[in-house]
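Thanks for coming. I have one structure to go through today, and I will take it feature by feature. Please have the sequence and the model open.

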Amino acid sequence: MTPRRRGTVPRRAVVAVYRRKAVGGASSPVGLIVVRESACPRVTVRRLPRGGWPAAGKVVDEHVNAELVAGSPWTERADVLMLGCAHRPDTAARVAGEMLARFPGCLVAAVPTTGGGCVATARDGECVAVAPAAGQRPPTADELAVAVSCLHAELVLGGSWADVRAICLAAPAGPRAPQGGQVRLRPHPAPPAGAPPGDRLPA
């Protein structure tokens, strides 16, 4: 277990969610804007319209994204629960499952991993490793919090994490926001070598 800087969703972040290519063509990224209330971990996720920033967009998800802190009232109310210390990838999923068992109101639990990134587990059993894309720097704790909020929104919208290939974000948001880090999603644990692709993400 490794100490890690606490991560919270920034006040505002622009996010692009990349899905696996549809059969017969490429799918365009879904633009989202993730906004946190200033004094608490309540998060609103809006889908950006075709014109993009600065239009407000339609609200698609509202939830509480909080870090697991002993005695915090937000821990008990969290829809998304983040652990503040990193674990080895082979134990992160087990720890996330323990978090879900301990807090029955939580839909998604995420545990940072020592190599950078995190493992996210949903109450329905979905589990993905979130890691930097090839050539990308490791995501910050704040960026991981935003990515996991996007995963919560995906479930609320009736989607599956198996359909999400990558997430990239820029924070703070704005018309000239710098390109943020990009993370890839892979099933956890990884499928065995030579397994048929099915709904699995590409390596």
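I start with cavities. This is a predicted model, and a search of the whole structure turns up 2 cavities of 30 Å³ or more. The largest cavity has a volume of about 90 Å³.

Which residues line the largest cavity? From the N-terminal part of the list, we have V17, R19, V30, L32 and R47. The rest of the lining is C150, L151, A153, E154, L157, V164 and I167.

Now the same lining by element. Four elements each supply at least two residues to the lining of the largest cavity: strands β2 (12-19), β3 (30-36) and β11 (164-170), and helix α3 (141-156). Which of them gives the most? That is α3, with 4 residues.

By residue type, the lining of the largest cavity has 9 nonpolar residues and 3 charged ones, with no polar residues.

Next, the chain as a whole. The secondary structure comes to 3 helices and 12 strands. The chain has 203 residues, and 47% of them count as buried. As for contacts between residues at least 6 apart in sequence, 53% join residues at least 24 apart.

Two residues from the strands are worth a slide each.

The first slide is R36, in strand β3. Is R36 buried or exposed? R36 is buried, because its relative accessible area is 16% and the cut-off for buried is under 20%. Leaving aside neighbours within four places in sequence, R36 is in contact with V9, P10 and R11, and also with P41, R42 and V43. Take V9 from that list: R36 and V9 are 27 residues apart in sequence, yet their C-alpha atoms are 6.3 Å apart in space.

The second slide is T44, in strand β4, which covers residues 42-47. T44 has a relative accessibility of 19%, so T44 also counts as buried, given the cut-off of under 20%. With neighbours within four places in sequence again left out, T44 is in contact with I33, V34 and V35 on the one hand, and with V59, D61 and E62 on the other.

Last, the aromatic rings. How many aromatic pairs does a search of the whole structure find? The count is 0. There is, however, a charge over a ring: R77 lies over the face of W74, at 5.1 Å from the ring centre.

That is the end of my list. I can go back to any of the slides.

Notes. Residues are numbered from 1 along each chain as its sequence is written. This is a predicted model: local features need pLDDT of at least 70, side-chain atom pairs count only at pLDDT 80 or more; totals for chains, interfaces and linings use all residues. Side-chain values use heavy atoms; hydrogens and water are left out. On a 1 Å grid over the protein atoms alone, a cavity is a set of points where a 1.4 Å probe fits but cannot get out, and a pocket is an open set with protein on both sides within 12 Å along at least five of seven lines; lining residues have an atom within 4 Å of a point. Grid points are joined across faces, edges and corners, and a volume is the space filled by probe spheres set on the points. Ala, Val, Leu, Ile, Met, Phe, Trp, Tyr, Cys and Pro count as nonpolar, Asp, Glu, Lys and Arg as charged, and the others, Gly among them, as polar. Rings of Phe, Tyr and Trp (its six-membered ring) pair if their centres lie within 6.5 Å; planes under 30 degrees apart count as stacked, over 60 as edge-to-face and the rest as tilted. A charge sits over a ring if NZ of Lys or CZ of Arg is within 6 Å of the ring centre and within 35 degrees of the ring normal. Buried means under 20% relative accessible area, exposed over 50%, partly exposed in between (1.4 Å probe, protein chains only). Contact means heavy atoms within 4.5 Å.
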